[in-house]
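Visitor: Please choose one small part of this protein and look at it closely with me, and then follow its surroundings outward until I have a picture of the whole chain. I am new to this, so please go slowly.

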Amino acid sequence: MLYDYIVENFEFGEPIFLEELPRKSKDYLRQEVKKLADEGALERLYNGVYYLPYTTILGTKGKVSFDRYIEKKYLLSNGRVNGYITGLQLANAYGFTSQNPACYEVCSNEATTRQRKLEICGRTVIVYRPVATVTEDNKAALQFLDLMSVIDRYSEISGKELKVKLKSFTDSLPLAFESVKEYISLYPDRVYRNIYEGGLMGELV
């Protein structure tokens with residue numbers, strides 16, 4: 001039974017995409033999911049996206065997990081790397097700035113235009129098209145190069161502190177600089193300057 005499968009494989013509030021569900025046919029699956037939604041067993045978020053409804057400890061209606069939606073829609077696809085966080089969101093996540101981003105920024109293979117602003121679950125998301133198809137092998141290099149293209153604008157630290165923080169960042173990815181060399185020509189010239197000032201130019205020569 002479809003509902004039993006959903007309960008066993010998905011958490012409350014986790015977005016459920018139709019392509020994640022077993023099917024005899026697309027039409028049959030849509031009919032079954034619509035029936036569950038009409039009965040209140042599932043909550044519809046968007047067309048083709050649902051979640052198991054739940055009640056919070058405050059007695060209010062639970063919402064879908066925004067982070068899980070972003071992860072499933074833009075960062076991972078059936079377990080395959082599909083994108084990464086970028087921009088101010090990335091700089092904040094790794095401690096280069098204390099600025100709280102007004103929106104969530106992701107670079108994803110799902111992008112159909114160079115840049116698109118969306119409202120998802122009541123929050124603003126900007127989805128960028130990557131300079132190259134994102135894979136598990138090149139994700140770290142592309143994310144690093146994205147950061148180095150904006151680090152001079154967003155970083156609140158500089159000098160030795162910045163160099164130490166960048167080294168920690170590249171170690172955490174972990175980053176293979178051979179891959180960076182492959183994609184650096186796709187980025188603006190200031191990336192070279194920012195890499196040099198960040199004490200990482202030696203890794204590229």
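**A close look, from one strand outward**

Guide: R44 is found in strand 2, and this is where we can start, keeping in mind that what you see is a predicted model. If we leave aside its neighbours within four places in sequence, R44 is in contact with V49 and Y50. The C-alpha atoms of R44 and V64 are separated by 9.8 Å, although these residues are 20 places apart along the chain.

The strand that holds R44 belongs to an open sheet of 3 strands, arranged in the order 1-3-2 with antiparallel pairing. Strand 1 (16-17) and strand 2 (43-46) stand at the edges of this sheet, and each has a single partner strand, so one side of each is left without a neighbour in the sheet. Strand 3, residues 49-51, is joined to strand 1 by 2 bridges, and the two run antiparallel. One of the residues to look for here is Y50, the bridge partner of I16 in strand 3, and Y50 is also one of the contacts of R44.

From this sheet we can move to another group of strands, where strand 7 makes a useful landmark. Strand 7 (residues 104-108) is mostly covered, with 5 of its 5 residues buried. Y104, V106 and S108 point one way from the strand, while E105 and C107 point the other way, and all of them are buried. Strand 6 (residues 83-85) is joined to strand 7 by 3 bridges, and this pair runs antiparallel, with Y84 standing opposite C107. With strand 9 (residues 123-128), on the other hand, strand 7 pairs in the parallel sense over 4 bridges, and there V106 stands opposite V127.

V106 leads us on to the interior of the protein. In soluble globular proteins, nonpolar side chains tend to be buried together. Here the largest nonpolar core has 51 residues, and those that touch the most other members are I70, Y74, F96, V106, F144, L145 and I195. Helix 5, residues 139-148, gives the most to this core, with 7 residues. Apart from it lies another core, of 13 residues, which includes L36, A41, L42 and L52.

Two residues of the helix region deserve a slower look. F144, leaving out residues up to four places away in sequence, touches F169, T170, L173, L175, F177, V180, I195 and L200. Q143 lies in helix 5, and it is counted as buried because its relative accessible area of 5% is under the 20% limit. Again leaving out residues up to four places away in sequence, Q143 touches Y84, I85, L90 and L173, and Y84 is the residue that we met opposite C107.

L173, a contact of both F144 and Q143, takes us to a point of the backbone that is worth finding. A cis peptide bond joins L173 and P174, with omega at about -20 degrees, and P174 lies in the loop between helix 7 (159-172) and helix 8 (177-183).

Two other loops hold residues with positive phi values. N78, although not a glycine, has a phi of about 55 degrees, and it lies in the loop between strand 4 (76-77) and strand 5 (80-81). N78 counts as exposed because its relative accessible area is 63%, where the limit is over 50%. C121 also has a positive phi, near 55 degrees, in a residue other than glycine, and its place is in the loop between strand 8 (115-120) and strand 9. With a relative accessible area of 27%, C121 is partly exposed.

We can now step back to the chain as a whole. The protein chain has 9 helices and 9 strands, and along its principal axes the C-alpha trace spans about 60 × 40 × 30 Å. Of its 205 residues, 44% are buried. Among contacts between residues at least 6 apart in sequence, 56% join residues at least 24 apart. The accessible surface comes to about 11900 Å², and 47% of this belongs to carbon and sulfur atoms. As for charge, there are 27 positive and 28 negative side chains, and the centres of the two sets lie 4 Å apart.

Methods. Residues are numbered from 1 along each chain as its sequence is written. This is a predicted model: local features need pLDDT of at least 70, side-chain atom pairs count only at pLDDT 80 or more; totals for chains, interfaces and linings use all residues. Side-chain values use heavy atoms; hydrogens and water are left out. A nonpolar core is a set of buried Ala, Val, Leu, Ile, Met, Phe, Trp, Tyr and Cys residues joined through side-chain atoms within 4.5 Å. Buried means under 20% relative accessible area, exposed over 50%, partly exposed in between (1.4 Å probe, protein chains only). Contact means heavy atoms within 4.5 Å. Two strands pair if DSSP finds at least two bridges between them. Accessible areas come from the Shrake-Rupley method with a 1.4 Å probe; for residues, only the protein chains shown count as cover. Lys and Arg count as positive and Asp and Glu as negative; His and the chain ends are not counted. The place of a charge is taken as NZ of Lys, CZ of Arg, CG of Asp or CD of Glu.
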